[in-house]
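The following note sets out a few points on the structure shown below, for consideration alongside the coordinates. The points concern the sheet, its pairings and two loop residues.

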Amino acid sequence: MGTVWAYAQDSGYVFGQSLVGFTVEAADGVIGHVDRQQDRTGMQHLVVDTGVWVFGRSVVIPAGAVTAIDTEAQTVSVSPSREQIKAAPRFTTDSDTADPAYLSAVGEYYLSARL
């Protein structure tokens with residue numbers, strides 16, 4: 001894997017493709033739906049609305065965690081488990097995605113989770 005903040009070449013991602021509304025799935029179940037995405041080079045990530053699964057909160061999932069995108073089924077598969085994503089640094093507001101300290105913590109967490 002190159003960087004945690006970029007899609008892997010074999011993920012099926014096409015630059016500029018909107019993933020908003022796609023269902024996000026881990027091997028052990030559905031995480032939620034893509035609410036927003038950031039495509040800035042070096043900072044690509046998804047903001048996923050987990051619905052009631054994690055008490056209605058959203059999580060940031062770096063693009064490097066995406067293993068496959070199925071545009072027909074509108075699904076995004078990710079490598080971390082539901083528990084790993086639930087334990088990730090808490091996302092509270094969109095300003096978090098502009099905070100270098102927060103992004104560093106998220107990146108380190110997912111790298112240590114062995115994406």
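Strands, as the term is used here, are DSSP runs of E of at least two residues, numbered from the N terminus. The model is a predicted one.

1. Sheet order. The sheet is open and has 6 strands in the order 4-3-2-1-6-5, with mixed pairing. Strand 4 and strand 5 (66-70) stand at the edges, each with a single partner strand, so one side of each lacks a neighbour in the sheet. On average, neighbouring strands of this sheet are turned by 35° against each other, direction ignored.

2. Strand 3 and its surroundings. Strand 3 spans residues 45-49, and 4 of its 5 residues are buried. With strand 2 (residues 29-38) it pairs in the antiparallel sense over 5 bridges; in strand 3, valine 47 stands opposite arginine 36. Strand 3 is also joined by 5 bridges to strand 4 (residues 58-62), and these two run antiparallel. Here leucine 46 faces isoleucine 61 of strand 4 as its opposite residue.

3. The hairpin. Strand 2 and strand 3 form a hairpin, with 6 residues between them. Glycine 42, in the turn, has a positive phi of about 85°.

4. The parallel pair. Strand 1 (residues 23-26) pairs with strand 6 (residues 75-78) in the parallel sense, over 3 bridges. Serine 77 in strand 6 is the bridge partner of glutamate 25.

5. Glutamine 74. This residue lies in the loop between strand 5 and strand 6. Most residues other than glycine have a negative phi. Glutamine 74, although not a glycine, has a positive phi of about 55°. Is glutamine 74 buried or exposed? Its relative accessible area is 41%, and glutamine 74 is therefore partly exposed, a class that lies between the 20% and 50% limits.

6. Aspartate 39. Located in the loop between strand 2 and strand 3, aspartate 39 is buried yet has no salt bridge. Which side chain of opposite charge is nearest to aspartate 39, and how many Å away is it? That side chain is arginine 40, 10 Å away, whereas a salt bridge is counted only within 4 Å. The side chain of aspartate 39 does make a polar contact with the side chain of tyrosine 13, at 2.6 Å. Beyond its neighbours within four places in sequence, aspartate 39 is in contact with Tyr7, Tyr13, Phe15, Gly16, Gln17 and Gln44. Tyrosine 13 thus appears both in the polar contact and in the contact list.

Definitions and conventions: Residues are numbered from 1 along each chain as its sequence is written. This is a predicted model: local features need pLDDT of at least 70, side-chain atom pairs count only at pLDDT 80 or more; totals for chains, interfaces and linings use all residues. Side-chain values use heavy atoms; hydrogens and water are left out. Buried means under 20% relative accessible area, exposed over 50%, partly exposed in between (1.4 Å probe, protein chains only). Helices (H or I, at least four residues) and strands (E, at least two) are DSSP runs, numbered from the N terminus. Two strands pair if DSSP finds at least two bridges between them. Axes are lines fitted to C-alpha atoms, for helices over the stretch in contact, and angles run from 0 to 180 degrees between N-to-C directions. Lys and Arg count as positive and Asp and Glu as negative; His and the chain ends are not counted. A polar contact is a pair of N or O atoms within 3.5 Å; within protein, one must be able to donate a hydrogen and the other to accept it, and residues adjacent in sequence count only if both atoms are side-chain atoms. Contact means heavy atoms within 4.5 Å.
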